[in-house]
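Please work through the exercises below with the sequence and the structure side by side, and try each task before you read its solution.

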Amino acid sequence: MTEQGENSLEILLKVSSLDELKSAISPTITDKLADGDEGVEKTIGLLISLTPFAPAPATFDRDAFNNIVAVNYETGDPLPEEEQQRMLDVALEAGFIQKAETPKERYSVRKELQDVVKRVIGE
């Protein structure tokens with residue numbers, strides 16, 4: 001996670017409404033997924049789709065990420081590989097997920113981030 005990602009994450013952890021969440025997500029993050037409001041919506045979709053995972057220290061693998069997070073939120077179909085990779089890169093850079101210290105490629109979600117999503121969006 002970059003220093004900018006750390007600062008963005010700290011801000012996100014303090015929001016208490018969906019409108020605050022939308023305005024707190026940095027355009028440097030959202031613009032990597034799509035332009036303008038579409039990027040904000042995709043970023044929020046990414047955050048929501050991370051909530052089913054058990055928080056750290058539990059981990060998940062790349063297949064789980066691709067099948068649950070990196071999907072078209074309207075159809076449920078998997079995104080093309082390039083878009084899956086972009087979503088993973090954004091999630092890592094923004095600090096939404098982190099690489100787990102395991103021999104295989106695995107990731108974990110911060111419980112605090114899940115708590116924010118549940119607080120502003122619901123279960």
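The exercises that follow concern a predicted model, and each task is followed by a solution in steps.

**Exercise 1. The helix α6**

Task: Find out what span the 14 residues of α6 should have at 1.5 Å a residue, and compare this with the distance between the end C-alpha atoms.

Solution: The expected span of a helix is 1.5 Å times one less than its number of residues, so the 14 residues of α6 should span 20 Å. The end C-alpha atoms of α6 are 20 Å apart, which agrees with the expected value. Within this helix, which covers residues 81–94, the buried residues are Gln84, Met87, Leu88, Val90, Ala91, Leu92 and Ala94. Just after α6 comes glycine 95, which takes a positive phi of about 85°.

**Exercise 2. Two helices in contact**

Task: Decide whether α5 and α6 are roughly parallel or roughly perpendicular to each other.

Solution: Begin with the angle, which is about 105° for α5 and α6, while their axes lie 10 Å apart. Angles of 65 to 115 degrees count as roughly perpendicular, and therefore α5 and α6 are roughly perpendicular to each other. On the side of α5, the contact is made by Arg62, Phe65, Asn66 and Val69, and on the side of α6 by Gln84, Gln85, Met87, Leu88 and Ala91. Sorted by class, the residues of this contact are five nonpolar, three polar and one charged.

**Exercise 3. The nonpolar core**

Task: State how many residues the largest nonpolar core has, and which element gives the largest share of this core.

Solution: The largest nonpolar core has 34 residues, and those with the most contacts inside it include Leu21, Leu50 and Phe60. Among the elements that give two or more residues to this core are α1, α2, α4 and β3, but the largest share, six residues, comes from α6. To look at one member in detail, take leucine 50, which, leaving aside its neighbours within four places in sequence, is in contact with Phe60, Phe65, Val69, Phe96, Ile97, Val109 and Gln114.

**Exercise 4. Two loops**

Task: Determine whether lysine 104 is buried or exposed, and find which residues the cis peptide bond joins in the loop between α4 and β1.

Solution: Lysine 104 is placed in the loop between β2 and β3, and its relative accessibility is 66%. Because exposed means over 50%, lysine 104 counts as exposed. For the second part, look at proline 57 in the loop between α4 and β1, where a cis peptide bond joins alanine 56 and proline 57 with an omega of about 20°.

Notes:
Residues numbered from 1 in each chain as written. Predicted model: local features only at pLDDT ≥ 70, side-chain atom pairs only at ≥ 80, totals over all residues. Heavy atoms only, no water. Helix = DSSP H or I, 4+ residues; strand = E, 2+ residues; numbered from the N terminus. Buried < 20%, exposed > 50% of the residue type's maximum accessible area, 1.4 Å probe, protein only. Core = buried A, V, L, I, M, F, W, Y, C linked by side-chain atoms within 4.5 Å. Contact = heavy atoms within 4.5 Å. Axes fitted to C-alpha atoms, helices over the stretch in contact; angles between N-to-C directions. Parallel < 35°, antiparallel > 145°, perpendicular 65-115°, else oblique. Nonpolar A, V, L, I, M, F, W, Y, C, P; charged D, E, K, R; others polar.
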